[in-house]
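Visitor: Could you take me through the reading of a ligand site and of charged pairs, using the model shown here?

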Amino acid sequence: MRVQEVKNVLESMGKRPSKRLGQHFLIDDKVIERQVGLAALEPGEKVLEIGPGMGNLTEAILSTGAEVVAVEADAAFCRFLERRFGSRITLINGDAVNAFLPEFDKVVANLPYQISSPIMFRLLNEGFETAILMVQREFAERMVAEPGTKDYGRLSVGIFYRARCEIAFNVPTTAFWPQPRVESSVVMLTPRRAPFAVADERVFHDVTKAIFSHRRKKIHNALADDPASYAYFADGDAPDLKGLPHASSRAEQLTPAEIAELSDAFLGLITLPKRIA
Ligand code: SAH
């Protein structure tokens with residue numbers, strides 16, 4: 001679609017792009033083709049699309065013979081999509097973070113940036129073969145960041161634990177209308193088992209959260225100071241944490257496997273039978 005076509009559609013709907021819903025429409029067919037191409041879709045495969053908008057990406061997915069289930073929060077766009085695609089797609093009008101999702105094999109989406117993180121972890125919980133997602137470039141860089149870099153953090157560890165992730169290509173702001181302020185990237189996410197074991201996933205995630213909330217502190221101080229971790233100890237019962245593995249390092253130096261080692265040792269110190277949620 002060209003800019004003028006996008007504008008015409010919006011005008012026919014009497015609508016302006018909503019900032020709150022992150023409405024930036026893809027106007028570069030090459031980007032659309034490349035993104036859909038990465039999904040290597042086969043006829044009959046079920047593709048989940050989040051935020052189809054006016055259907056620019058949807059049309060390209062359908063042209064591969066794949067089936068589309070699309071979740072769109074904006075009711076006005078849902079009406080437009082019904083007219084445009086009719087029974088060619090299954091459409092759900094709702095918030096993709098909470099809506100019921102039928103089964104799907106793959107995900108292809110130009111994600112509304114506000115929900116990138118919750119939707120990504122929801123998808124990983126649901127399970128899929130591969131996801132080709134447009135996200136903010138800065139977010140993509142945090143997803144794939146290696147230990148020892150400034151972008152490495154809770155998101156990198158959370159993603160690494162569940163999936164293989166790579167940045168497929170970067171996308172300039174000019175590929176969208178209205179133009180966003182920041183650049184985007186298409187990432188490819190392939191779920192896999194973590195290459196290390198974790199005794200308790202919840203503790204692993206809470207320890208990760210605690211140590212990255214205090215990046216400049218030593219691990220033992222971060223764990224003593226953050227509610228995500230000290231909540232595991234009965235009042236006034238905080239043990240000496242200096243004996244934990246990597247206690248004197250800082251979060252960004254630790255690989256996900258080392259954080260797992262730390263969190264397993266931390267688990268052994270917990271004085272509450274179960275954290276009070
Ligand atoms: N895929 C289209 C539109 C992308 S803009 C294109 O590339 O041109 C992002 C879309 O996500 C908008 O249509 C917006 O209404 C929708 N959206 C925003 N928040 C959403 C949510 N929580 N659940 C589902 N859709 C959402």
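**Reading the ligand site**

Guide: In this predicted model, 21 residues surround the ligand, and the closest are Gln23, Gly51, Glu72, Asp95 and Asn110.

Visitor: How do the residues of the shell around the ligand divide into nonpolar, polar and charged?

Guide: The shell is made up of nine nonpolar, eight polar and four charged residues.

Visitor: Which polar atoms lie 2.9 Å, 3.0 Å and 3.3 Å from an oxygen atom of the ligand?

Guide: Polar contacts are read as pairs of N or O atoms within 3.5 Å. A polar side-chain atom of Gln23 lies 2.9 Å from an oxygen atom of the ligand, whereas Leu26 offers a polar backbone atom at 3.0 Å from a ligand oxygen, and Gly53 likewise has a polar backbone atom 3.3 Å from an oxygen atom of the ligand. Of the 580 Å² that the ligand exposes when taken alone, the protein buries 97%.

Visitor: Where does the ligand sit, and which elements give two or more residues to the shell around it?

Guide: The ligand sits in the largest pocket, and the elements that contribute two or more residues to its shell are strand S1 (25-26) and strand S3 (67-72).

Visitor: How many salt bridges does the count come to, and what does the one between Lys106 and Glu45 tie together?

Guide: With a cut-off of 4 Å between a side-chain nitrogen of Lys or Arg and a carboxyl oxygen of Asp or Glu, the count comes to 14 salt bridges. In one of them, Lys106 pairs with Glu45, with the closest N and O atoms 3.2 Å apart. Because Lys106 belongs to strand S5 (residues 106-110) and Glu45 to the loop between helix H2 (29-38) and strand S2 (46-50), the pair ties together parts that are 61 residues apart in sequence.

Key. Residues numbered from 1 in each chain as written. Predicted model: local features only at pLDDT ≥ 70, side-chain atom pairs only at ≥ 80, totals over all residues. Heavy atoms only, no water. Near = heavy atom within 4 Å. Polar contact = N/O pair within 3.5 Å; in protein donor to acceptor, adjacent residues only side chain to side chain. Areas by Shrake-Rupley, 256 points an atom, 1.4 Å probe, with all protein chains shown as cover. 1 Å grid on protein atoms, 1.4 Å probe; cavity = no way out; pocket = protein on both sides within 12 Å on 5 of 7 lines; lining within 4 Å. Sits in = over half its atoms within 2 Å of the grid points. Helix = DSSP H or I, 4+ residues; strand = E, 2+ residues; numbered from the N terminus. Nonpolar A, V, L, I, M, F, W, Y, C, P; charged D, E, K, R; others polar.
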